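Grab a coffee and work through these short exercises with the model open beside you. Try each task before you read its solution.

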Amino acid sequence: MRVVVWLAVCMAVTGTLAHAEDDMAAMISQYRREHGLSAVKTDPQLTAIAERQAQAMAATGIMDHSVAGSFHSRIAGARTGAAAENIAVGSKTWAETFRMWQKSPGHNANLLQSEADSVGVAVVRNEQTRWKTYWAMVIADKSPKKKGRKVTADAAAGGGNGGAGISENPLTALKNTVCKYLC
């Protein structure tokens, strides 16, 4: 009987998290439509990449794009076109996090990436760390029709281009440098 109850609780929590992520994608989509762009849908592969990043930051207590490996290496298997990552720490709610990203030019540019059609968002808490709450969002173009692949990250720290033909938004590069030392 306990196993059945535990399984029901786990399924309810999983369902709630999936619903929350769909709500996050809906907020991003509404914001994008307000700026003349297409909506995004939740993507399980991008969500897994965001979860890995948020978990790594929470485990180490460090806000850094490369704590779970370079963004390029983490996104490589997802077969995306243009892709970007936003991270945040300390904000308690999705609405607060989303507002912070909208107000930050580099983060906002990622939210408004014109080619994007898919998103994954994750939040992890660790009460034993300074920041307590760790957010990660990966937004990308996953449409199969594009040939050229472009990956941009909200932080270049540890990622580098490695000669792989990866292009990065100049505003993002500037923000990455500033955020690396001040965020």
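**Warm-up.** Find what share of the contacts with a separation of 6 or more comes from residues 24 or more positions apart.

*Solution.* Taking a contact as heavy atoms within 4.5 Å, residues 24 or more positions apart make up 67% of the chain's contacts with a separation of 6 or more.

A word on the ground rules: this is a predicted model, where local features need pLDDT of at least 70 and side-chain atom pairs count only at pLDDT 80 or more, while totals for chains, interfaces and linings use all residues. Residues are numbered from 1 along each chain as its sequence is written, and side-chain values use heavy atoms, leaving out hydrogens and water.

**Exercise 1.** List the elements of the chain in order.

*Solution.* Start with the tally: six helices and four strands. These are DSSP runs numbered from the N terminus (helices: H or I, at least four residues; strands: E, at least two). Now read from the N terminus: α-β-α-α-β-α-α-β-β-α.

**Exercise 2.** Track down the salt bridges and say whether their partners are buried or exposed.

*Solution.* Look for a side-chain nitrogen of Lys or Arg within 4 Å of a carboxyl oxygen of Asp or Glu. Searching the whole structure gives three salt bridges. For burial, use relative accessible area: buried is under 20%, exposed is over 50%, and partly exposed is in between (1.4 Å probe, protein chains only).

- Step 1: Lys142 pairs with Asp43, with 3.1 Å between the closest N and O atoms. Lys142 sits in the loop between strand E4 (133-140) and helix H6 (170-182), and Asp43 in the loop between strand E1 (41-42) and helix H2 (44-60), 99 residues apart. Both Lys142 and Asp43 are buried.
- Step 2: Arg74 meets Glu85 at 2.8 Å, N to O. Arg74 belongs to helix H3 (residues 71-75) and Glu85 to strand E2 (residues 83-89), so this pair ties together parts eleven residues apart in sequence. Arg74 and Glu85 are buried too.
- Step 3: Arg125 bridges to Glu127, the closest N and O atoms being 2.2 Å apart. Arg125 is partly exposed at 49%, and Glu127 is partly exposed at 43%.

**Exercise 3.** Work out which residues of helix H4 are buried and where they point.

*Solution.* In H4 (residues 94-103), the buried set includes Trp94, Thr97, Phe98 and Trp101. Down the axis, the buried residues fall within an arc of 100 degrees, so they line one face of the helix; the arc uses directions from the helix axis to the C-beta atoms.

**Exercise 4.** Describe the surroundings of Thr133.

*Solution.* Thr133 lies in strand E4 and is buried, at 2% relative accessibility. Skipping neighbours within four places in sequence, its contacts include Ala88, Val89, Val123 and Arg125.
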